[in-house]
Amino acid sequence: MSLVTIRLKEHFKGHGCPVCSVLKEFEKREMENILYEHVNSPHVRAEIRKSLGLCPYHAWALFETAYSNPLLGPLGISVIYDDMLSTFIRSIEQEANLDGECLICRHSLEREKDVVDEIASHPEEFTRIYRESSAIFCKRHYELIVKALKERGIDTSELKEVHLKKLRSLERALSEFIDSYDYRSKETGKNAWALPETIEVLKGKRTAVSLGDGRCSALKKRRLLKFL
Ligand SMILES: [Zn+2]
Ligand SMILES: [Zn+2]
């Protein structure tokens, strides 16, 4: 079993979508890498400049990462955005267009494709892991995995059966949560986890690939190229 598979399996141990979970961790690491290692790296700076400081989602996420970690703080990110501001001023003076793709969005999409391919390359193993786990794929990642499996000519009926079972179980848990607010209930708030999990199943975790629609033109364009 490859190291990638072993690492990926770890993400099936929690609740929610394991692919989203990989991507969330990946994005966090990407942002920390920029702030720890690449504040003054000319190559990374040039990449960040293309989108004038990442997409809106990652710009704010980078800001929050810097401020939430006492080892980082505002200096590094200020240096980066000072450059972005100068670039912006220059672009207005020169009437240049700055609408490049976000570096982290690009990397996240590449990582997502790798993870989906990894699962699709070991269908029996991952279907068994999925069946035995508490994880549940979000809509986007279930669809991408099914598509990748079908492209390889692999039967997806077992994965579908496991996935539907998990969805129905979640549906029952959410109903119990709603019923727990009945005045006769002695367990008000029971299964409170079912609401965020339902939103996650439908919309994915808060990552660039889930939240990208309508914000990052580069992300949309690449998504069309890669997955449609
Ligand atoms: Zn997901
Ligand atoms: Zn981005």
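Let's start with how H7 and H9 run: they are roughly parallel to each other, because angles under 35 degrees count as roughly parallel, over 145 as roughly antiparallel, 65 to 115 as roughly perpendicular and the rest as oblique. This is a predicted model: local features need pLDDT of at least 70, side-chain atom pairs count only at pLDDT 80 or more, and totals for chains, interfaces and linings use all residues. Residues are numbered from 1 along each chain as its sequence is written, and chains are lettered from A and ligands numbered from 1 in the order written.

Now the helix pair. H7 is residues 123-132, and H9 is residues 157-179. Helices here are DSSP runs of H or I, at least four residues, numbered from the N terminus. The two axes come within 10 Å and cross at roughly 15°. Axes are lines fitted to C-alpha atoms over the stretch in contact, with angles from 0 to 180 degrees between N-to-C directions.

Who touches whom? From H7, Thr127, Tyr130 and Arg131; from H9, Glu158, Leu159 and Val162. Contact means C-beta atoms, placed from the backbone, within 7 Å. These residues divide into 3 nonpolar, 1 polar and 2 charged. Nonpolar is Ala, Val, Leu, Ile, Met, Phe, Trp, Tyr, Cys and Pro; charged is Asp, Glu, Lys and Arg; the others, Gly among them, are polar.

Next, the domains. Domain 1 is 3-93, domain 2 is 111-227. Those bounds come from an automatic or database domain assignment. Their centres, over C-alpha atoms, are 25 Å apart. The contact takes 23 residues from domain 1 and 27 from domain 2. On the domain 1 side, H2 gives the largest share, 9 residues.

Definitions and conventions. Helices (H or I, at least four residues) and strands (E, at least two) are DSSP runs, numbered from the N terminus. Two residues are in contact if their C-beta atoms, placed from the backbone, lie within 7 Å.
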